[in-house]
Amino acid sequence: MTPELGQLALILALLLALAQSILPLVGAWRGNRALMAVARPAAAGQAVFVAMAFGILAWAFLRFDFSVQYVADNSNLALPWYYRIAAVWGAHEGSLLLWILILNVWTIALAALSQKLPEVFASRVIAVMGLIAVGFLAFIIFTSNPFGRLLPMPGDGADLNPVLQDPGMTFHPPMLYMGYVGFSVAFAFSIAALLGGELEQAWVRWARPWTNMAWAFLTCGIVAGSWWAYAELGWGGWWFWDPVENASFMPWLVGAALIHAQAVTEKRGSLRAWTILLSIFAFSLSLLGTFLVRSGVLTSVHAFASDPRRGVFILAFLTIVVGGSLLLYALRAPKVLGGKAFNVVSRETVLLIGNLMFAVAAAMVLLGTLFPLIGDALNLGRISVGPPYFGFLFPLLMAPVVLLMPFGPFLRWGKGDAPVLKGLLLRVVVAALACAIVAAFLVDGNLKAIVGVAAGVWVVVGVLLYALKRWREAPRGRRYPGEMAGMLLAHLGVGIFVIGVLLSESLSVTRDVRMAPGETQHIGSYDFRFDGVHHTTGPNWTADQGTVTVTRGEKQIAVMHPQKRTYPRGQVQTESAVDAGVTRDLYVALGEPMDANNLEGAWALRLYTKPFIRWIWGGGLLMMLGGVVCATDKRFRLKRAAKAEGVVDAGATLQVGESRA
Amino acid sequence: MNRLLPFIGFMLLVGLFGFGIWWNTQHDPNAIPTPLLNKPAPEFNLPKLYEPAQKVSKADLLGKPYLLNVFASWCIECGVEHPVLSAAAPTLGVQLVGYNYKDPPADAKNWLAKHGNPYALLIADEPGNTAIDFGVYGAPESFLIDAKGVIRYKHIGPITPEVMAKELKPAIAAMLKEAQ
């Protein structure tokens with residue numbers, strides 16, 4: 001009986017979502033306060049029912065209710081409880097349920113914290129969130145019901161895809177969805193502003209921490225996904241430019257642009273139309289990402305072919321949401337224009353260049369991702385573009401961003417002064433060159449590695465110089481407000497990331513070898529000794545587990561245990577062994593036994609040394625941290641008393657400090 | 001006009017997606033082309049499930065067409081297709097050969113005792129090595145092999161009544177007609 005209650009809860013949630021979206025919009029239009037007041041209680045009610053539905057599905061997994069088709073398809077008796085929880089979002093239907101749950105979490109937070117916004121505006125924002133929920137709930141109820149029954153009930157279920165049975169993977173989708181869905185807040189703000197025909201800087205200020213948090217979650221999700229691909233897939237790579245990754249990367253790029261555009265709009269009032277457009281794009285790309293992965297338009301996922309209704313529904317929903325908002329933008333954007341003019345040499349200009357680069361990069365990724373589809377449409381056959389396309393164009397587009405990054409903070413709003421820049425330029429150039437020369441000796445003149453060190457140092461030194469300037473010039477206690485500290489951390493993360501990417505890409509060594517027990521391979525100064533393979537078992541798998549001992553000179557560095565796991569339905573999954581370090585990772589993946597009878601016990605092994613690869617995720621985590629720290633800035637907390645212009649902002653503080661000196 | 005550009009761009013994208021959906025309904029995106037289709041089946045030499053001492057090779061089966069059905073006791077979908085195969089076996093027109101895949105023999109025998117044994121012949125590939133030559137992804141899979149040992153049809157996944165009526169039976173009929 002319980003699964004039917006879950007479905008009932010979803011239907012009630014849909015009805016409440018309809019109330020949450022339609023009534024407040026009518027109320028805001030007609031000036032009817034009673035109708036506007038429906039927004040918050042309806043949102044709360046929707047959240048209760050969605051949480052109930054999610055809980056019921058999770059409960060069905062926990063108590064092995066195989067009479068539910070979705071549970072039978074994605075779990076079995078041997079699956080440990082934590083993976084049964086993760087199995088809730090392990091496939092199409094449940095992941096949509098997670099999506100809608102997270103949308104409700106954001107909506108509730110928004111409803112609770114928006115009390116001080118003007119009633120008309122707040123109710124419009126909540127109503128837009130409700131409209132998104134209507135689309136998703138209808139999609140679940142009409143095409144992707146997770147509570148469908150399976151009769152007769154099987155004695156045991158299938159299995160959660162073994163690829164997903166990894167701690168990184170249980171945690172990756174919720175983080176990613178927190179990011180995707182978080183952009184709905186900025187989106188709802190923009191739509192509400194377009195509907196109302198006005199955009200106050202104070203509202204943009206209020207929206208900023210939401211965007212920052214969403215972007216931080218998305219960053220975290222992408223880092224987790226990249227780490228998982230590295231640890232789990234056994235290829236030693238950390239980014240593959242496949243459609244699923246691109247789907248999460250596009251909103252990230254646009255989100256990064258949006259964070260900066262919002263800062264300009266909030267502080268100077270300019271770039272309003274651009275901010276609105278970016279917030280529409282960020283969320284649209286999130287929707288597109290969710291759907292591209294789920295719909296199978298690109299990757300030909302099984303579920304889609306069997307049910308074209310899903311694809312049509314998705315397309316209709318996208319058309320209404322994105323097409324509708326862009327049309328609204330076209331009609332109403334002129335109403336919300338305004339702001340202060342700025343000089344060519346100014347912080348605005350630098351931010352705008354960065355913004356354009358991010359936007360163009362996102363478009364480039366979109367084009368590359370959709371290429372197979374375009375190929376079909378133009379009857380050129382199914383062509384894919386892969387790493388060569390992305391790997392060439394992306395660094396090219398990001399180079400200006402990296403080059404300009406140290407200068408942005410040093411420039412003033414409106415009109416910057418050139419002499420300050422010259423001094424800065426001199427210092428970062430000297431620092432980058434000096435480090436590049438030292439690096440040149442250490443890496444044997446590998447050009448890519450030298451460029452990596454130079455670019456990374458360029459950014460890091462720029463950030464440190466600005467931090468030093470703040471330390472000297474700003475009064476104690478005001479030196480690093482949240483917004484400032486977040487910016488410094490995130491930019492530092494970019495520098496660390498650049499170093500990690502270029503050094504690991506250029507200096508990694510890969511070796512595919514056949515090894516018999518006792519044999520040793522040398523890579524750099526490391527000796528990898530293969531000590532054979534034995535059989536081992538886990539909760540729901542059996543595995544061949546190799547032992548590889550790594551020594552350097554006389555010293556033992558690591559004993560590594562790569563596995564080749566077999567799950568109950570015969571799926572084979574590699575578990576690479578990684579010995580992590582600050583300056584290098586050692587990485588071993590187990591291949592196949594070399595002969596059928598395996599008399600010698602020889603196996604194919606893949607050995608890697610990967611210098612500085614950890615800096616990639618370290619940089620990503622710093623960026624995430626930057627987003628979070630920024631969102632905690634006290635300035636973003638809305639006070640009814642504070643006037644929009646009266647609040648001191650970080651940039652202005654600095655200018656005041658300078659003019660005093 | 002400028003402000004309409006994002007909208008126009010997006011509508012082009014919608015057109016592209018619409019095309020993608022249409023394209024997917026016209027083509028089977030899951031059709032994994034079998035390089036073996038219309039090629040001779042790979043050589044094999046596998047023990048019989050019930051008499052492991054006796055081996056069956058591809059050459060032994062030449063001369064008569066047969067449906068090679070890859071199954072295992074651990075495979076849930078095999079239980080779905082089993083009644084369909086059992087019901088159709090007498091009127092199939094070809095011999096039904098069971099290919100027991102990555103399965104301890106005792107488990108396979110228990111499973112067959114429980115669900116019935118429609119197979120004219122049963123071979124066992126416990127290590128699963130020969131299955132690699134056939135390009136087996138998992139169980140169940142079925143290969144229709146003609147009298148000359150050529151693979152004429154392949155199905156991945158359970159044989160449902162629909163697959164049986166719309167794909168397998170026509171494929172068998174076409175093959176038998178050609179042989180006459």
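Reader: What makes strand β3 of chain B and strand β4 of chain B a pair, and is the sense parallel or antiparallel?

Author: Keep in mind that this is a predicted model. Two strands pair when at least two bridges are found between them. Strand β3 (residues 66–71) and strand β4 (residues 95–101) of chain B share six bridges, in the parallel sense. Six bridges against a cut-off of at least two, so β3 and β4 of chain B are a pair. If you want a spot to look at, B:L67 stands opposite B:L96 in β4(B).

Reader: Which sheet of chain B is that in, and what makes its pairing mixed or uniform?

Author: It's an open sheet of five strands in the order β5-β4-β3-β6-β7 (chain B), and its pairing is mixed. In general, strands of a sheet pair through backbone hydrogen bonds, and they may run parallel or antiparallel. In this sheet of chain B, the twist averages 20° from one strand to the next.

Reader: What makes a strand of that chain B sheet an edge strand, and which ones are they?

Author: An edge strand pairs on one side only, and in this sheet that describes β5 (121–125) and β7 (151–156) of chain B.

Reader: Over to chain A. How do you know that strand β9 and strand β10 of chain A pair?

Author: Again, count bridges. At least two are needed, and strand β9 (residues 584–593) and strand β10 (residues 603–611) of chain A have eight, so they pair, here in the antiparallel sense. One place to check is A:A589, whose bridge partner in β10(A) is A:R606. The open sheet around them has four strands, ordered β1-β10-β9-β8 (chain A), with antiparallel pairing. Its edge strands are β1 (509–515) and β8 (577–579) of chain A. The twist of this one averages 15° from one strand to the next.

Reader: Why is A:G237 called partly exposed?

Author: Buried takes 20 or more C-beta neighbours within 10 Å, and exposed takes 12 or fewer. A:G237 has 14 inside 10 Å, so it falls in between and counts as partly exposed. You'll find A:G237 in the loop between α9 (201–232) and α10 (243–268) of chain A. Leaving aside neighbours within four places in sequence, A:G237 is in contact with A:A229 and A:Y230. The C-alpha atoms of A:G237 and A:K610 are separated by 9.9 Å, with their positions 373 residues apart along the chain.

Reader: What makes up the side of domain 1 of chain A that touches domain 2 of chain A: mostly nonpolar or charged residues?

Author: That side has 16 nonpolar residues, four polar and one charged. For orientation, domain 1 covers 1–165 and domain 2 covers 174–404 of chain A, and their centres are 24 Å apart, taken over C-alpha atoms. The contact takes 21 residues from domain 1 and 25 residues from domain 2 of chain A. On the domain 1 side, the elements giving two or more residues are α6 (92–113) and α7 (119–143) of chain A. α7(A) gives the most, with eleven residues.

Reader: How do you know which element of chain A has the lowest mean pLDDT and which the highest?

Author: The means tell you: helix α21 (residues 650–660) of chain A is lowest at 35, and helix α3 (residues 39–62) of chain A is highest at 95. Chain A as a whole averages 85, and 92% of the residues score at least 70. Two stretches where pLDDT stays under 50 are residues 300–306 and residues 640–661 of chain A. Where pLDDT is low, predicted coordinates should not be read in detail.

Conventions. Residues are numbered from 1 along each chain as its sequence is written. Chains are lettered from A and ligands numbered from 1 in the order in which they are written. This is a predicted model: local features need pLDDT of at least 70, side-chain atom pairs count only at pLDDT 80 or more; totals for chains, interfaces and linings use all residues. Axes are lines fitted to C-alpha atoms, for helices over the stretch in contact, and angles run from 0 to 180 degrees between N-to-C directions. Domain bounds come from an automatic or database domain assignment. Two residues are in contact if their C-beta atoms, placed from the backbone, lie within 7 Å. Ala, Val, Leu, Ile, Met, Phe, Trp, Tyr, Cys and Pro count as nonpolar, Asp, Glu, Lys and Arg as charged, and the others, Gly among them, as polar. pLDDT is the predictor's confidence in each residue, from 0 to 100.
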